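Here are a few exercises to help you find your way around a new model. Try each task yourself before you read its solution.

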Amino acid sequence: MGSSKDEAVRSAASAGDSFLKAAPIWNSFAMMCATYTLYQAPFWDKLLQSGMGIEIDGSYQQLLVSCVNYGVLFVLIPGMLADRYSCFPTALVGAGLAATGYTVLGMGWVTVGSGGSSRVAVAATVSTFAFGVAWIYASAFVTAITTADDAVRGRVVGVAMCGFYASSAWFTEVTEYCCDATTTAETSAWRHMPIALTALICSPGLATSYRKSGSVSSKDVGMTTLYCSIIVAMSLGAYQWNVTGGFGSQDLSSFAYGDITFMFLIGYIGVSTFCAALNVRNYAKYGITMGGSSDDVSDQVETKELVPPSSTLESKKYQYLSVIFAVNVGLGQTTGNTWEHFDDLFHGKQTESWKMWFPSMAAAALFTGLLIDQKMVDKTTMLCVSLSVLTVAQGIFSMATVDESMTSTDTNWPFLTLPYEHIPLIATAMATGVTCTTVPLLEVEWFGSKNIGGMHGIDMLGAIATQVFFYNGVANVAPLSTQMWLQTAASAVGLGFAFALRSEAKSDETRSEEAREEAAPLVVSMVEE
């Protein structure tokens, strides 16, 4: 039986205390926004490196990108721990690791760039804060997807992934406000520290006692208002990035360069303050229970084993989902990290991945969650469309490596006066956002939420493997054309698995329907007797 404090939590929830029920999701949203901002620290961005006086060659750049990519994607361990225990301590570990990495950089104990610290020391420091991000991400992700009820889960995951990707689209404005030649790498690290502390502020909201309040509804979390607010913020961010390319200014008389930047900063402070006040309020009224409870709701969301069961791992549907995730997300990461090669290929015509890449992923995740909740499209069909778009986009890049005319063509459309190469770039990003949102929702639907952290962690391992193969392997031994044709072939393989998954799901539905029809006469007969 639960304690009297647990009973008070459940009573408050049943009485309609939305501030208690929605706390896990609100806090997880704030933490998801913080994670990719932490991930996207500017130490390897050449545009910012020049302003900081940091000199980095190609192999050094790849080292930094690899350390942070693989650190932040390695969510298997924290994901399994979040499944088994409370997400609260898991988030605290992540906050500690992230803060440690930035402190080391901020104090100048490890310096980035040629003439600085050894590459081993730099790699260890970057990996430390990146792995901390993985712990924060896993805690927030598991909390959000397990706390939401079925009717709103798609939008909850969509908003979480949108925040995860969109935050990096304005990290420059928040953390590199008025970045110029006076901004050093040490200053940049300290500017990231308040965002690292977001996990510390929000982690109490992930505590188990709040999750005992039961599933959170759309009304509880204020999803309609939240969605509209995010769309407004995304629109402002897209406008600002399209005009400025990501740089802010302290001149608040300039709307795109100053005012929007200032609003994002105020918004971050406001959200962080709200979460802190919310958690203090809930803790004062109800306390925090760390886990180990035997109540019914905890049994639904907490697993008793660290590793997902063999029945899940051996399922064809889970294996197909893992392959689809590995292909799409791995190739998406590789494409984003290869932007400099694309910039050269397309003659430097504003091919910056940061200008279109992350907002496209964020928008795709946001609207995918909405479509799924409204049951406007089947999830497996969504994956087929996503992989089809990815394959076409990778194919366009491949053809551009052998057809010079494709590298100098603008669309010249009245509604899209952008360089031609932005079309496959945006398409690849949107496909990645769709898959990142849809795959976890299918895993929860088919295998339950008890081991979602472990399942998602295994999916991420596949994405790491794909990126290692292409970004650290093929890209170093073969020309860009070979790399892109291989990526196109890999996308086609992923598309094949998407159609196989859809077929398997339809077959399972048919078998289930036949079983129900066979059981119906037996039920009627028993009733008559």
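**Exercise 1.** In which helix is the place of Phe255? Then work out whether Phe255 is buried, partly exposed or exposed.

*Solution.* Keep in mind as you go that this is a predicted model.

Step 1: look up the helix. Phe255 sits in helix H16.

Step 2: check how much of the residue is open. Its relative accessible area is 41%. Buried means under 20% and exposed means over 50%, with partly exposed in between, so Phe255, at 41%, is partly exposed.

**Exercise 2.** Which residues form a nonpolar patch on the surface together with Phe255, and which helix gives the most to the patch?

*Solution.* Step 1: list the members. Besides Phe255, the patch takes in Tyr239, Val243, Tyr257 and Met263. Taken together, the patch has about 470 Å² of accessible area.

Step 2: sort out the helices. H15 (223–244) and H16 (255–286) each bring at least two residues to the patch.

Step 3: pick the main contributor. That's H16, with 3 residues.

**Exercise 3.** What span is expected for H15 at 1.5 Å a residue, and why can its buried residues be said to lie on the same side?

*Solution.* Step 1: get the span. H15 has 22 residues, and 32 Å is expected for it. From first C-alpha to last, the helix reaches 31 Å, which is close to that value.

Step 2: find the buried residues. In H15 these are Met223, Tyr227, Ile230, Gly237, Gln240, Trp241 and Thr244. Because they cover an arc of only 155° around the axis, they fall on the same side of H15.

Step 3: recall the general pattern. An α-helix has 3.6 residues a turn, so residues three or four places apart point the same way.

Step 4: turn to the other face. Away from the buried side, H15 carries the exposed residues Thr224 and Thr225.

**Exercise 4.** How many salt bridges does the count come to, and which distant parts of the chain does the pair Lys21 and Asp220 link?

*Solution.* Step 1: start with the idea. Side chains of opposite charge can pair when their charged atoms come close.

Step 2: take the count, using a cut-off of 4 Å between nitrogen and oxygen. There are 5 salt bridges.

Step 3: look at one of them. The side chains of Lys21 and Asp220 meet at 3.1 Å, N to O. This pair links helix H2 (residues 18–21), home of Lys21, with helix H14 (residues 218–221), home of Asp220, and the two residues are 199 residues apart. Both Lys21 and Asp220 are buried.

Step 4: try another. Asp373 and Arg155 form a salt bridge at 2.7 Å, N to O. Asp373 belongs to helix H21 (residues 353–373) and Arg155 to helix H9 (residues 153–166), 218 residues apart. Asp373 counts as buried because its relative accessible area is 13%, and Arg155 is buried too, with 12%.

**Exercise 5.** How many helices and strands are there in the protein chain, and what share of its residues counts as buried?

*Solution.* Step 1: count the elements. You get 25 helices and 0 strands.

Step 2: check burial. Of the chain's 529 residues, 57% count as buried.

Step 3: look at what's left open. The chain exposes about 20600 Å², with carbon and sulfur atoms supplying 64% of it.

Conventions:
Residues numbered from 1 in each chain as written. Predicted model: local features only at pLDDT ≥ 70, side-chain atom pairs only at ≥ 80, totals over all residues. Heavy atoms only, no water. Patch = residues over 30% accessible without salt bridge, like charges linked within 9 Å, V, L, I, M, F, W, Y side chains within 5 Å. Areas by Shrake-Rupley, 256 points an atom, 1.4 Å probe, with all protein chains shown as cover. Helix = DSSP H or I, 4+ residues; strand = E, 2+ residues; numbered from the N terminus. Buried < 20%, exposed > 50% of the residue type's maximum accessible area, 1.4 Å probe, protein only. Expected span 1.5 Å × (residues − 1). Arc of directions from axis to C-beta.
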